[in-house]
Amino acid sequence: MAMRQTPLTCSGHTRPVVDLAFSGITPYGYFLISACKDGKPMLRQGDTGDWIGTFLGHKGAVWGATLNTDATKAATAAADFTAKVWDAVSGDEVLTLAHKHIVKTVNFTQDSTCLLTGGNDKLLRLYDLINPEAAPQEIAGHTSAIKKALWCNNDKQILSAADDKTIRLWDRSSMEEVKQLKFDTSVSSMEYLADGEILVITYGKTIGFYNALSLDLIKTVDAPAPINSASLHPDKDFFVAGGEDFKLYKFDYGTKEELESYKGHFGPVHCVRFSPDGELYASGSEDGTLRLWQTAVGKTYGLWKCVLPEDLGVENSEQLYTSPPEIKA
Amino acid sequence: MTPPKKKTLQQHALTLLSGANTERFNMATPVSVLRLPKGPDPNSRGFDPKSARFIALCRTSIATSASSETNAEQLPREQHARSVLRETFLRCLLSMTNKKVHFLMHERVKVEATFGASDIDVLNFQVSDLHTPIGVQKEALIRCQDVISFTFDS
């Protein structure tokens, strides 16, 4: 019997959600952080979307947010020219790192000792979190604002995407540019999968998959609408994408076939990410909400419950539990 | 063989709503949900100190000024000192209510206002009659992060 996807809506933000990130799997489950233009990034339980806390302190829109692998630390990048590091258990602000312009992206190394930042001042900065008073190392090269910066290749290299329509690969020890990819149009998002060293890039209506070490193209897939973000499933069988037509698309990675599309958001989708166990994916939108979507529709997981046909008559009352009316941002 | 009974409009509607006869109308059943995700608490910033994760991972909410390893003897003394300081601060806020307070803030800002209240996380002070170089603001919120110090006559 066919089941229809029931997305779970996480409300709470009052402005567009522009970035989101999952932690790794911890003894307490996995977690999700969302960056919002309202300046108040939120931490949620990853498998249910339950709100855990709000990081209070930024004085401007938060453009980027990330968690370290064990979700003990969070980092955020904001329009108030600072990046902040937070204790993700207590919610307390641990560090404020002043920049000379809007900060757009933050990323921890696997051991959480170094924080990479990038933003409108076109510089990549590496902050030593053990000696935070020390001046950060700076990498110059991009000719426009940096949108996204990530550690890759076991934290030995850095990948950055900027409005200068390039993606650059840098060596951490030499601080030099190793390779560059040029595009005709601005890259809207970048995701890195350490397992398999795959880079997922979106630009225009295209989702491109590259080898993260060599920057060689693996394949491209075109979507029906301009795409703002895409995410590859950990098992590399599916990928999801969302963008300007408010829909979420699910594709088969092997065949490039569009499998499903889901309506739900009331505004463009800005970010989409698979959970670390691949059981769900989260999307953040201009409409101020996050939505959680099942990878295997109908499976019992988190708040979703598999209802067998013979139980349908008995459980009719809870079966069609729909979300309350949406409040537009 | 008798011809099948014709359904009334109401019976058609009931068939649709009950989800039966899905093959004919091609309507998939939406996945059931136990409940909706919990939203933010309007009264606090969260990070429940009673949660299992907090209790396991947060020994003290702020690192002690002493070495990074918790010294078993020093900890109770430090905690006592912290609670005395906290209580003094809260009593200070209480006695400030409806009094004229002078605020020294960043960027060489010195303003005077009648103190109303603080929010629970001490992020904002609600004040009235805020005297600024460009005029008197009847009601205002002062961002605590911008305040260096404040004084008042008790």
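User: In this predicted model, how many residues of chain A are in contact with chain B?

Analyst: The model is a predicted one. On the side of chain B, 31 residues take part in the contact. On the side of chain A, the number of residues in contact is 50.

User: What area is buried between chain A and chain B, and what share of that area do carbon and sulfur atoms give?

Analyst: The area buried between chain A and chain B is about 3,600 Å². Of this area, the share given by carbon and sulfur atoms is 62%.

User: How many salt bridges does the rule find across the interface of chain A and chain B, and which residue of chain A meets Arg45(B) in a salt bridge?

Analyst: Across the interface of chain A and chain B, the rule finds three salt bridges. The side chain of Arg45(B) takes part in a salt bridge with an N to O distance of 2.8 Å. The partner in chain A is Asp92(A).

User: How many residue pairs are in polar contact between chain A and chain B, and which element gives the most residues to the side of chain A that touches chain B?

Analyst: Between chain A and chain B, 16 residue pairs are in polar contact, both residues being at pLDDT 80 or more. The elements of chain A that give two or more residues to this side include strand S1 (3-4), strand S5 (42-45), strand S6 (51-54) and strand S9 (82-87). With four residues, the element that gives the most is S6(A).

User: By class, how many nonpolar, polar and charged residues does the side of chain A that touches chain B have?

Analyst: On this side of chain A, the charged residues number 10 and the polar residues 17. The nonpolar residues number 23.

User: Which residues does Ile52(A) touch in chain B?

Analyst: Ile52(A) is found in strand S6 of chain A. Leaving aside residues up to four places away in sequence, Ile52(A) touches Phe31(A), Leu43(A), Arg44(A) and Gln45(A) in chain A. In chain B, the residues touched by Ile52(A) are Arg45(B), Gly46(B) and Phe47(B).

User: Which strand of chain B is joined to S30(A), and which residue stands opposite Trp304(A)?

Analyst: S30(A) is joined by two bridges to strand S2 (residues 32-33) of chain B, and the two strands run antiparallel. Within S2(B), the residue opposite Trp304(A) is Val33(B).

User: In what order do the strands of the open sheet that holds S27 of chain A stand, and which are the edge strands?

Analyst: This open sheet of chain A has four strands in the order S2-S29-S28-S27, with antiparallel pairing. The twist from one strand to the next averages 20°. Each edge strand pairs on one side only, and the edge strands are S2 and strand S27 (269-274) of chain A.

User: How many bridges pair S27(A) with S28(A), and what is the bridge partner of Arg273(A)?

Analyst: S27(A) pairs with strand S28 (residues 280-285) of chain A over five bridges, in the antiparallel sense. In S28(A), the bridge partner of Arg273(A) is Ala282(A).

User: Which residue takes a positive phi in the hairpin of S25(A) and S26(A)?

Analyst: Strand S25 (residues 248-252) and strand S26 (residues 258-262) of chain A run antiparallel and are joined by four bridges. Leu248(A) has Tyr262(A) as its bridge partner in S26(A). The hairpin has five residues between the strands, and the residue with a positive phi near 65° is Lys256(A).

User: Which residue stands opposite Arg125(A)?

Analyst: Strands S11-S12-S13-S14 of chain A form, in that order, an open sheet with antiparallel pairing. Strand S11 (103-108) and strand S14 (137-139) of chain A are its edge strands. Strand S13 (residues 124-128) of chain A pairs with S14(A) over three bridges. In S14(A), the residue opposite Arg125(A) is Glu138(A).

User: Why does the salt bridge of Lys148(A) and Asp19(A) tie together parts that are apart in sequence?

Analyst: The closest N and O atoms of Lys148(A) and Asp19(A) are 3.8 Å apart. Lys148(A) lies in strand S15 (residues 146-152) of chain A and Asp19(A) in strand S3 (residues 17-22) of chain A, so the pair joins parts whose separation in sequence is 129 residues.

Note on methods. Residues numbered from 1 in each chain as written. Chains lettered and ligands numbered in written order. Predicted model: local features only at pLDDT ≥ 70, side-chain atom pairs only at ≥ 80, totals over all residues. Heavy atoms only, no water. Contact = heavy atoms within 4.5 Å. Buried area = accessible area lost by both parts, 1.4 Å probe. Salt bridge = Lys/Arg side-chain N within 4 Å of Asp/Glu carboxyl O. Polar contact = N/O pair within 3.5 Å; in protein donor to acceptor, adjacent residues only side chain to side chain. Nonpolar A, V, L, I, M, F, W, Y, C, P; charged D, E, K, R; others polar. Pairing = 2+ DSSP bridges. Axes fitted to C-alpha atoms, helices over the stretch in contact; angles between N-to-C directions.
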